[in-house]
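Thanks for sharing this one. Here are a few numbered notes to read with the model open beside you.

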Amino acid sequence: MKQKHLVGLFAALSLALGAGIATATGDEPIQPVKPPVGINQAKAELGKKLYFEPRLSKSGFISCNSCHNLARGGTDNIPSSIGDRWQQGPIKAPTVLNSSLNFVQFWDGRAADLKEQAGGPIANPMEMASSHTLAIEVLSSIPGYVSEFRQVFGKNAIDIDQVTDAIAEFERTLVTPNSRFDQWLLGSANAITAEEKAGYDLFKNSGCTACHNGEAVGGNSFQRMGLVEPYKTDNPAEGRFAVTGDDAERFNFKVPTLRNVELTYPYFHDGAANTLPEAVDTMGRIQLGKKFTARENAQIVAFLKTLTGERPVIVLPQLPPSADKTPRPNPFN
């Protein structure tokens, strides 16, 4: 049922989650982000190097951080990312921040977890345009990586399973706790303003928390884009249909997290909404059948901005030098 929400069920959830039945912050439909625990620090440090490693791409110029820029809220702030040989992808890069809280990865949910997701862009001809075989050959030619992989995994040979495992471990550290809203949830009554609290109440009472709930304020279900009225877009992405072939899942996408949403513009899978007020207006109309007033819209936007948490401080890693010092050719000529 989590993949197929009928309108009646959606309405019931909207009432249950949004009608103010809970009065204590501990019973709210949104929970505070928790700091990561159980992280293998050596593996995460290796994963950080690989996350910033452009030599995993065919051109030697594109890294994970190119599209999921940690200085830009974990995304690239454009409607769709630029990949190998300036190819423009079909869909907006989702934020990597708090991605460990998602129940699946990618907009269409085709990867079950971060480890599976990490292998996709490397071999995607429109993104990094390499192959897993070539990526391993490159890493195995760099003495510093050979040594570090051996220390972390205890094996003499590098393989793609280790690469994706390390990247996933680093990405598990990219959570953003201690937002002002989390402080309010934990009992600090003055952490948010009356206007922001009014926006949260409106967010709940309108039914937004039927989909945007939990620790990530989203990321835990698929929903049809355009539940009440059709969503008009020229974007070719068809959501879960591309994975399952089930026509009932056409235009069903993973609900995005709203954590740090003020940083992750433009919005939606097609990047069509440039601002939060525009996104709130669109979602109100097509998902809830509700036209928010200018005041209501501003209150909801004010609430959404309280979801910006503390981003991890990332010290850029020193990448191991290649054994071959030959200058790389310009791949864009």
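1. Let's start with helix α9 (residues 194–205) and helix α12 (residues 294–305), whose axes come within 7 Å and cross at roughly 100°. Angles of 65 to 115 degrees count as roughly perpendicular, so that is how α9 sits relative to α12. Please keep in mind that this is a predicted model.

2. Which residues make this contact? On the α9 side they are E195, E196, A198, G199, Y200, L202 and F203, and they meet R295, E296, Q299, I300, A302, F303 and L304 of α12. By type, the residues of the α9–α12 contact divide into eight nonpolar, two polar and four charged.

3. Now for the charged pairs. Side chains of opposite charge can pair when their charged atoms come close. A search of the whole structure turns up 18 salt bridges, and the next points pick out some of them.

4. One of the salt bridges joins the side chains of E28 and K204, at 2.9 Å from N to O. This pair links distant parts of the chain: E28 belongs to the loop between α1 (7–18) and α2 (41–51), while K204 is in helix α9, 176 residues apart. Are these two residues buried or exposed? Both E28 and K204 are buried.

5. Helix α9 also takes part in a salt bridge through E196, whose side chain meets that of R180 at 2.8 Å, N to O. Here too the pair links distant parts of the chain, with E196 in helix α9 and R180 in helix α8 (residues 180–185), 16 residues apart. E196 has a relative accessible area of 10% and is therefore buried, whereas R180, at 32% relative accessibility, counts as partly exposed. You may recall E196 from point 2, where E196 is listed among the α9 residues that meet α12.

6. Another pair to look at is E229 with R285, whose side chains form a salt bridge of 3.2 Å, N to O. E229 lies in the loop between β1 (222–224) and α10 (241–244), and R285 lies in helix α11 (residues 276–288), so this salt bridge ties together parts that are 56 residues apart in sequence. E229 counts as partly exposed because its relative accessibility is 32%, and R285 counts as partly exposed at 29%.

7. What do E229 and R285 belong to, along with D281 and K291? Salt bridges that share partners join E229, D281, R285 and K291 into one network.

Definitions and conventions: Residues numbered from 1 in each chain as written. Predicted model: local features only at pLDDT ≥ 70, side-chain atom pairs only at ≥ 80, totals over all residues. Heavy atoms only, no water. Axes fitted to C-alpha atoms, helices over the stretch in contact; angles between N-to-C directions. Helix = DSSP H or I, 4+ residues; strand = E, 2+ residues; numbered from the N terminus. Parallel < 35°, antiparallel > 145°, perpendicular 65-115°, else oblique. Contact = heavy atoms within 4.5 Å. Nonpolar A, V, L, I, M, F, W, Y, C, P; charged D, E, K, R; others polar. Salt bridge = Lys/Arg side-chain N within 4 Å of Asp/Glu carboxyl O. Buried < 20%, exposed > 50% of the residue type's maximum accessible area, 1.4 Å probe, protein only.
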